[in-house]
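Biologist: Before I rely on any label attached to this model, I would like to hear the reasoning behind each of them. Could you show the structure, and then let me ask for the grounds one by one?

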Amino acid sequence: LARVRVTDPHYRHRFTVAVGQLLKLDPDQLLTGFRAVASGPDPSHAAGRRHRRREGSLGSIRGHALGHYLTALAQAYRQTLDDAPALNLEIADDLGHVIDELAACQARSAGGYLFASPETCFDVVEGRAAGEEGAPWSAMQELLAGIVAVYELTGNPTALDVASRLGDWVYQRTGRWDDAMRSRVLRVEHGGMNDCLYALYQLTGDPNHLTAAHRFD
């Protein structure tokens, strides 16, 4: 991204508008579910608190917007690294804040778990608990991919630590699957998890992350 410059005025304008929209978002609003799972009350019951769409309830895809946000901001950071220092610094500040807050949430959860809904939503997909079956692994893929992108494109070392610990959790979680449960889970997970875990493995070299990726093939 740092080696290519798109100079067409139309596309440069679109880039400026897109980054402006990203910077208008409240990162703390996007972090609400993660903080709730780590230590607080469910945000859907927090008086006077506004939420992004689908972020105010304990749905299995709550938090996926933060993953998209991280990926987009990380790409914008890399593209502005050499030619827009003030904008680049603003992006870096937002990314650093979010990654630090995610690390704090993860530190309060067992085994490296990090998500905007409790781990029980994964129990439902596995058939271990009753409830409305959603697609939590799809949301997890967006989150992990976003954190990996922050490390790859900004060099933030905390992002790699958070992603690595989350990869460890995925390895432990999927290690409990037999063939039947794996088939059940893959009905609602369509390939994103293996992709982001392979990307993580390329950075960490941890064979557990490679094993976890294979379980989603």
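Modeller: Let me begin with R173 and E126, which form a salt bridge whose closest N and O atoms are 2.8 Å apart. Please keep in mind that this is a predicted model, in which local features need pLDDT of at least 70 and side-chain atom pairs count only at pLDDT 80 or more, whereas totals for chains, interfaces and linings use all residues. Residues are numbered from 1 along each chain as its sequence is written, and side-chain values use heavy atoms, with hydrogens and water left out.

Biologist: Why is the contact of R173 with E126 called a salt bridge?

Modeller: The term requires a side-chain nitrogen of Lys or Arg within 4 Å of a carboxyl oxygen of Asp or Glu. The closest N and O atoms of R173 and E126 are 2.8 Å apart, so the pair meets that definition. R173 lies in helix α8 and E126 in helix α6, so the bridge ties together parts that are 47 residues apart in sequence; helices here are DSSP runs of H or I with at least four residues, numbered from the N terminus.

Biologist: Are R173 and E126 buried or exposed, and what else are they linked to?

Modeller: Both R173 and E126 are buried, a word reserved for residues under 20% relative accessible area, while exposed means over 50% and partly exposed lies in between (1.4 Å probe, protein chains only). They also belong to a network of salt bridges that links E119, D123, E126, R128 and R173.

Biologist: How many salt bridges does the whole structure hold, and which parts of the chain does the pair of R5 and D83 link?

Modeller: The search of the whole structure finds eight salt bridges. In one of them the side chains of R5 and D83 meet at 3.6 Å, N to O, and this pair links distant parts of the chain, with R5 in the segment before α1 and D83 in the loop between α4 (64-79) and α5 (85-107), 78 residues apart. R5 has 37% relative accessibility and counts as partly exposed, and D83, at 39%, counts as partly exposed too. Another salt bridge joins the side chains of D28 and R35 at 2.7 Å, N to O; D28 is partly exposed at 24% relative accessibility, and R35 is partly exposed at 24%.

Biologist: What makes F122 and W169 an edge-to-face pair?

Modeller: Rings of Phe, Tyr and Trp (its six-membered ring) pair if their centres lie within 6.5 Å, and planes under 30 degrees apart count as stacked, over 60 as edge-to-face and the rest as tilted. The rings of F122 and W169 are 5.2 Å apart centre to centre, with 70 degrees between the planes, so they satisfy the edge-to-face rule. F122 lies in helix α6 (residues 120-126) and W169 in helix α8 (residues 157-174), so this pair ties together parts that are 47 residues apart in sequence. F122 is buried at 0% relative accessibility, and W169 is buried with a relative accessible area of 5%.

Biologist: How many aromatic pairs are found, and which residues form a cluster with F122 and W169?

Modeller: The search of the whole structure finds 10 aromatic pairs. The cluster is formed by Y113, F115, F122, W137, W169, W177 and F216.

Biologist: How do you know that C105 and C121 are not bonded to each other?

Modeller: A disulfide is a pair of cysteine sulfur atoms within 2.5 Å. The sulfur of C105 is 15 Å from the closest cysteine sulfur, which is in C121, and this is too far for a bond. By this rule the count comes to zero disulfides. C105 counts as buried at 1% relative accessibility, and C121 counts as buried at 12%.

Biologist: What makes the contact between D8 and H10 a polar one?

Modeller: A polar contact is a pair of N or O atoms within 3.5 Å; within protein, one must be able to donate a hydrogen and the other to accept it, and residues adjacent in sequence count only if both atoms are side-chain atoms. The side chain of D8 reaches the backbone nitrogen of H10 at 2.9 Å, so the distance falls within that limit. D8 is placed in the segment before α1 (9-24) and, at 36% relative accessibility, counts as partly exposed.

Definitions and conventions
Helices (H or I, at least four residues) and strands (E, at least two) are DSSP runs, numbered from the N terminus.
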